[in-house]
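Hi,

Here is the structure I said I'd pass on. Have a look at it first, and then read my notes underneath.

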Amino acid sequence: MKKHNFYAGPSILPQEAIDATIEALKDFSGTGLSLASVSHRSKEFDAVINEAIALFKELLNIPQGYSVLFMGGGASTQFALVPFNLMKKRAVYVNTGTWSAKALKEAKLFGDVVEIKNPDFFSLPKGIEVHKDTDYVHITTNNTIYGTEYHEDMDFGVPLVADMSSDIFSRPIDISKYAIIYGGAQKNLAPAGLTFVIVKDEVLGQVDHKIPTMLDYRTFVTKNSMFNTPPVIPIFTALQTLKWIKTNGGVAAMYKLNTEKANLLYAEIDRNPLFKGTVAKEDRSLMNICFVMEEQYKDLEADFLAFATAQQMVGIKGHRSVGGFRASTYNALSKESVEALIATMQEFEKKNS
Ligand SMILES: *Cc1c(COP(=O)(O)O)cnc(C)c1O
């Protein structure tokens with residue numbers, strides 16, 4: 001039976017991307033060899049990484065003066081690499097939940113960090129003013145665990161760094177507003193093991209200290225992300241996902257469908273007397289839709305999970321730190337899956353009234 005995959009990450013990818021990867025693991029690009037067994041210096045893989053970088057730039061409309069890097073280590077390694085490569089003295093971190101708190105903790109190893117946060121993580125801080133003498137501001141554009149998301153490109157008058165692990169390619173962005181965008185690829189792009197970085201070249205090389213070769217973005221810029229062996233298989237899958245995005249109308253079309261899916265599900269959460277949303281309406285994420293049972297139905301939580309599981313819903317349990325439910329509605333999740341979840345919520349409502 002068809003599963004409806006709402007996992008937050010690793011998470012759903014286009015079936016075409018999975019199928020093409022399976023094929024390449026058997027016979028990569030007509031070489032008669034597995035993708036897992038071919039040199040990353042081969043002309044066949046060189047074509048893959050070059051096309052992936054080119055499509056990455058094309059789909060996000062990345063202007064001249066920016067580089068796209070493919071690294072390892074996950075977004076969590078970027079939490080340290082960003083301040084190591086960028087911070088001279090002081091940075092501002094907008095703390096909007098678990099991931100940005102981790103980024104902030106690493107930044108404190110490298111300089112003064114001004115923390116901006118709301119009393120809880122169910123809304124985003126507004127009206128932030130930043131001192132001109134700030135090296136950069138760091139934000140997390142989509143908060144995968146709490147389900148908040150920025151719906152516009154921010155501008156604080158100083159370089160902007162964004163963790164876009166869970167909303168890259170989900171909506172059009174104005175890259176020129178950012179100094180660095182980074183993320184783990186395992187939410188909306190590729191299997192785990194690949195980290196993407198978009199960097200404005202001119203922000204690099206401004207710190208006084210030495211940076212080890214593999215921790216220096218400039219190594220990846222000058223060597224086309226091939227100073228050492230890159231994560232070959234996830235890069236191949238990323239290319240297939242990017243092709244799928246292009247075939248399906250590009251990032252604008254992803255955004256349109258993501259908006260439709262999210263509106264449908266939030267409308268049901270707001271209508272259904274058993275459930276309620278957790279996030280301030282204007283900050284609701286299009287990618288990770290969080291909800292809980294209304295107070296008087298709290299003891300039905302486990303029942304609903306079991307009921308949804310029986311309807312082939314996978315991955316809707318909320319993150320262990322917040323509880324409740326979370327439906328992740330990444331690009332590759334179809335509208336049918338969202339409709340199936342809504343039908344499940346409505347059936348559960350009937351059973352319990
Ligand atoms: C998943 C996630 C991370 C952690 O990514 P890793 O690649 O596992 O280090 C960081 N930030 C955000 C917003 C995430 O969703």
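P10 sits in the loop that runs between β1 (4-5) and α1 (15-26); helices (H or I, at least four residues) and strands (E, at least two) are DSSP runs, numbered from the N terminus. The peptide bond leading into P10 from G9 is cis, with omega near -10 degrees. Another backbone oddity is N61, a residue other than glycine whose phi is positive, near 55 degrees. You'll find N61 in the loop between α2 (43-59) and β2 (66-71). For background, most residues other than glycine have a negative phi, and most peptide bonds are trans.

Before you go further: this is a predicted model, where local features need pLDDT of at least 70 and side-chain atom pairs count only at pLDDT 80 or more, while totals for chains, interfaces and linings use all residues. Residues are numbered from 1 along each chain as its sequence is written, and side-chain values use heavy atoms, with hydrogens and water left out.

Now the domains. The assignment (bounds from an automatic or database domain assignment) gives domain 1 as 4-10 + 250-352 and domain 2 as 15-247. Their C-alpha centres are 27 Å apart. Each side puts residues into the contact, 28 from domain 1 and 28 from domain 2, with contact meaning heavy atoms within 4.5 Å. Together the two domains bury about 2200 Å², 59% of it on carbon and sulfur atoms; buried area is the accessible area (1.4 Å probe) that two parts lose on being put together, summed over both. On the domain 1 side, V251, D283 and N331 supply 25% of the area buried against domain 2, more than any other three residues.

Then there's the ligand. Its shell has 14 residues, and S76, T144, D163, Q186 and K187 come nearest (near means a heavy atom within 4 Å). Helix α3 (residues 74-86) gives the largest share, four residues. By type, the shell splits into three nonpolar, nine polar and two charged. As for individual atoms, a ligand oxygen is 2.6 Å from an N or O atom in the side chain of S76, and a ligand oxygen is 3.0 Å from a polar backbone atom of A75. A ligand nitrogen is 2.6 Å from an N or O atom in the side chain of D163. The protein covers 87% of the 390 Å² of accessible area that the ligand has on its own (Shrake-Rupley method, 1.4 Å probe).

One last spot to check is P231, in the loop between α5 (217-222) and α6 (232-247). P231 and L194 are 37 residues apart in sequence but 6.1 Å apart in space, C-alpha to C-alpha.

Cheers

Methods:
Polar contact = N/O pair within 3.5 Å; in protein donor to acceptor, adjacent residues only side chain to side chain. Nonpolar A, V, L, I, M, F, W, Y, C, P; charged D, E, K, R; others polar.
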